[in-house]
Amino acid sequence: MERWRDRLALVTGASGGVGAAVARALVQQGLKVVGCARTVGNIEELAAECKSAGYPGTLIPYRCDLSNEEDILSMFSAVRSQHSGVDICINNAGLARPDTLLSGSTSGWKDMFNVNVLGLSICTREAYQSMRERKVDDGHIININSMSGHQVPPQSVAHFYSATKYAVTALTEGLRQELREAQTHIRATCISPGVVETQFAFKLHDKDPEKAAATYEHMKCLKPEDVAKAVIYVLSTPPHVQVGDIQMRPTEQVT
Ligand SMILES: NC(=O)c1ccc[n+]([C@@H]2O[C@H](COP(=O)([O-])OP(=O)(O)OC[C@H]3O[C@@H](n4cnc5c(N)ncnc54)[C@H](OP(=O)(O)O)[C@@H]3O)[C@@H](O)[C@H]2O)c1
């Protein structure tokens, strides 16, 4: 990880769960991290925590709604003017809404698609352009995918979400191919966790907190830190190693 010291990583969805754990782990490794989300107060608290822990890197909170292209573009332009540009982009922000294919609302589908697919793609394009304009040839784009991006879960509330994560599988491999065509050494990876204990299920089942809690009660789930360790592993591989996907489930998870 030594080569990443003082380089800049953008972590989307850094206000909680996996994104906060990834941001913290990168600051511990001495990186400059721009952490973005809508609930910027949480990221400010995490930044203060990292500072008082004496971690070698810094966390810079940024308020951004990833379903809004203008917000994303102004964030990249602020990073360009204040910190040069992005060397690592961790596309982590994501959500699920309980909108089934047979009777779900179009607005719920749009909420998922706009962040999980479009926001991720806009951040990827802007991060790549930022690397190219500064002749950064060793950058890395990491997408936080899901096991639902490889298998359709047998739960109707997760079907549209699963489709957005299948898109992330295709987008990561398509990106890898375009990066080779462009003759760069920038790498593209996705990490595909099974159930991770975060606020994710509470937002999916926001009208039924007991159902949300049950998601995490019947097995020993992954922790956000387990996913953060996978991110650190992927980044710490030598530049000639291109990890495509890491699939990781709780040991007790069946589907
Ligand atoms: N938890 C799981 O079991 C699990 C399993 C597999 C994959 N994943 C994936 O892991 C990633 C992180 O999820 P998590 O479990 O950490 O969930 P989480 O605790 O709900 O965190 C989601 C993050 O995404 C951000 N986000 C959502 N909508 C946003 C928007 N419009 N603009 C900006 N940020 C937005 C949230 O920030 P704000 O709300 O503050 O904006 C928050 O920081 C997601 O891509 C998810 O699909 C999760």
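This dialogue covers the ligand site and a pocket in a predicted model.

Trainee: What should I know before reading values?

Mentor: The model is predicted, so local features need pLDDT of at least 70, side-chain atom pairs count only at pLDDT 80 or more, and totals for chains, interfaces and linings use all residues. Residues are numbered from 1 along each chain as its sequence is written, and side-chain values use heavy atoms, without hydrogens and water.

Trainee: Which residues come nearest to the ligand?

Mentor: A residue is near a molecule if one of its heavy atoms lies within 4 Å of it. Here 30 residues surround the ligand, and R38, T39, N92, Y161 and T198 come nearest. Helices are DSSP runs (H or I, at least four residues), numbered from the N terminus. α1 (17-28), α5 (159-181) and α6 (200-204) each supply at least two shell residues.

Trainee: Which polar contacts does the ligand have?

Mentor: A polar contact is a pair of N or O atoms within 3.5 Å. A polar backbone atom of L66 sits 2.8 Å from a ligand nitrogen. For N92, a backbone N or O atom is 2.7 Å from a ligand oxygen. K203 places a polar side-chain atom 2.9 Å from a ligand oxygen.

Trainee: How is empty space found?

Mentor: Rolling a probe the size of a water molecule over the atoms shows where empty space is left. A pocket is an open set of points on a 1 Å grid over the protein atoms alone, where a 1.4 Å probe fits, with protein on both sides within 12 Å along at least five of seven lines; lining residues have an atom within 4 Å of a point. The residues lining the second largest pocket include L120, R125, Y128 and E178. α4 (106-133) and α5 each supply at least two of its lining residues.

Definitions and conventions. Polar contact = N/O pair within 3.5 Å; in protein donor to acceptor, adjacent residues only side chain to side chain.
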